[in-house]
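Biologist: I keep hearing words like pocket, cavity and buried. Can you show me how each one is earned?

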Amino acid sequence: MNTISLKNAAIFQHERCILKNVNFEIGEGEFVYLIGKTGSGKSSLLKTLYADLPAKEGEINIADFNLRKIKKREIPMLRRKIGIVFQDFQLLFDRNVESNLSFVLEATGWKDKTLISERIDEVLRQVNLGNKLKSMPHQLSGGEQQRIAIARALLNDPKVILADEPTGNLDPETTNDIMDLLKEISAKGKTILMATHNYNLILKYPSRIIKCDEGMVK
C-alpha cells in the first residue's frame, strides 16, 4: 500500500513551476532519499506534501489525503498523520522539552493531561532521551535537539515522516546516531522521505533514491 503517490504532478513555488511531470509512489514503511542540488525543488516538494504550498496540478496523495482537494480546515488533520523534521530543529527555546512536546499535542487536540504526559514519556523513550523531560533546549547538544525534534514528529503516531536535511547541522558521529534512529523508526513501519545533500550518508545507509534535477524528478 502506498502512503505517498504523485501522478503527473507539478510543484509550484508561488506562481513559478519548480518541478513538472512528477511521478512516484512510496510504500508503507519505505525509507527513501530525496536528493538534488540547492534550489532543485526538494524543499518545495516536501512543503507541498505537508500542505504548506498548494498542490495545483496532477494527483498528489499522502496518508489518505488528496492534496488537490484538501480544504484549509483539514490541514491540521493531515499534519497529525505526517511528522515533519527540519534541519534547524525548530524547538521553542523559551520552554523545556516537556512543554515543547505538550504544546504540539494540545495544538492537535489532545486535552487529557495524563494521556499527554504518558505520550511524551513514550516518544522520549523511543529516541533514548527519557531523562531530558525538564531540560531546556539550550542545555542539549545538537544531536539531542534533533532527537527531540524527531520525538515531536512521532507524537501523533504519524504514517509518514518528512525530513528536510535532518542531519545538515550535525557532526558525522551525531549524523550516524540520527540515521540509525530514523532507520529504526522506518523498520517499525513508518514511511520516511528524507531530503539530503550528504552523499556519504547515502553510501553508508543505502536506500531508494528520488532525484530532483533540471525541473524533473527521476
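Modeller: Start with the largest pocket: helix α3 gives the most to its lining, with 4 residues. Bear in mind that this is a predicted model.

Biologist: What else supplies the lining of the largest pocket?

Modeller: α2 (75-80), β6 (82-85), α3 (97-107) and α5 (142-154) each supply at least two residues. The lining has 20 residues, and R79, I84, V104, T108 and R152 lie nearest the centre. The volume is about 590 Å³.

Biologist: How do you know which class each residue of that lining belongs to?

Modeller: By residue type: Val and Ile count as nonpolar, for example, and Arg as charged. Sorted that way, the largest pocket has 11 nonpolar, 5 polar and 4 charged residues in its lining.

Biologist: And what makes up the lining of the second largest pocket?

Modeller: That one holds about 150 Å³ of space. It has 14 lining residues, with T167, P172, T175, N198 and L201 closest to its centre. α6 and α7 (199-204) are the elements that give two or more residues. The classes come out as 3 nonpolar, 8 polar and 3 charged.

Biologist: Why is a space called a cavity and not a pocket?

Modeller: A cavity is where a 1.4 Å probe fits but cannot get out, while a pocket is an open set, so the way out decides the name. Searching the whole structure for cavities of 30 Å³ or more turns up 1, with a volume of about 30 Å³. Q126, L181, E184, I185 and K188 line this cavity, and helix α6 (residues 172-187) brings the largest share, 3 residues.

Biologist: Now α1. What makes you say helix α1 is largely enclosed?

Modeller: Buried means under 20% relative accessible area. In α1 (residues 42-49), 6 of the 8 residues are buried, so the rest of the structure largely encloses this helix. The buried ones are K42, S44, L45, L46, T48 and L49. Just after α1 comes A51, with a positive phi of about 65 degrees.

Biologist: Why are β6 and β10 called edge strands?

Modeller: The sheet is open, with 6 strands in the order β6-β7-β8-β3-β9-β10 and mixed pairing. β6 and β10 (216-217) each pair on one side only, and that earns them the name.

Biologist: How do you know that β6 and β7 really pair?

Modeller: Pairing takes at least two bridges between two strands. β6 and β7 (residues 160-164) have 4 bridges, in the parallel sense, so they qualify under that rule. One partner pair is I84 with L162 in β7. α5 lies across these two strands, running at about 165 degrees to β6.

Biologist: What makes the pairing in this sheet mixed?

Modeller: Look at β9 and its partners. β3 and β9 pair in the parallel sense over 4 bridges, with L34 opposite I210 in β9. β9 and β10, on the other hand, pair in the antiparallel sense over 2 bridges, and there D213 stands opposite M216 in β10. Both senses turn up, which fits the mixed pairing of the sheet.

Biologist: Which residue in the hairpin of β9 and β10 takes a positive phi?

Modeller: E214, near 50 degrees; the hairpin has 2 residues between its strands.

Key:
Residues are numbered from 1 along each chain as its sequence is written. This is a predicted model: local features need pLDDT of at least 70, side-chain atom pairs count only at pLDDT 80 or more; totals for chains, interfaces and linings use all residues. Side-chain values use heavy atoms; hydrogens and water are left out. Buried means under 20% relative accessible area, exposed over 50%, partly exposed in between (1.4 Å probe, protein chains only). On a 1 Å grid over the protein atoms alone, a cavity is a set of points where a 1.4 Å probe fits but cannot get out, and a pocket is an open set with protein on both sides within 12 Å along at least five of seven lines; lining residues have an atom within 4 Å of a point. Grid points are joined across faces, edges and corners, and a volume is the space filled by probe spheres set on the points. Contact means heavy atoms within 4.5 Å. Axes are lines fitted to C-alpha atoms, for helices over the stretch in contact, and angles run from 0 to 180 degrees between N-to-C directions.
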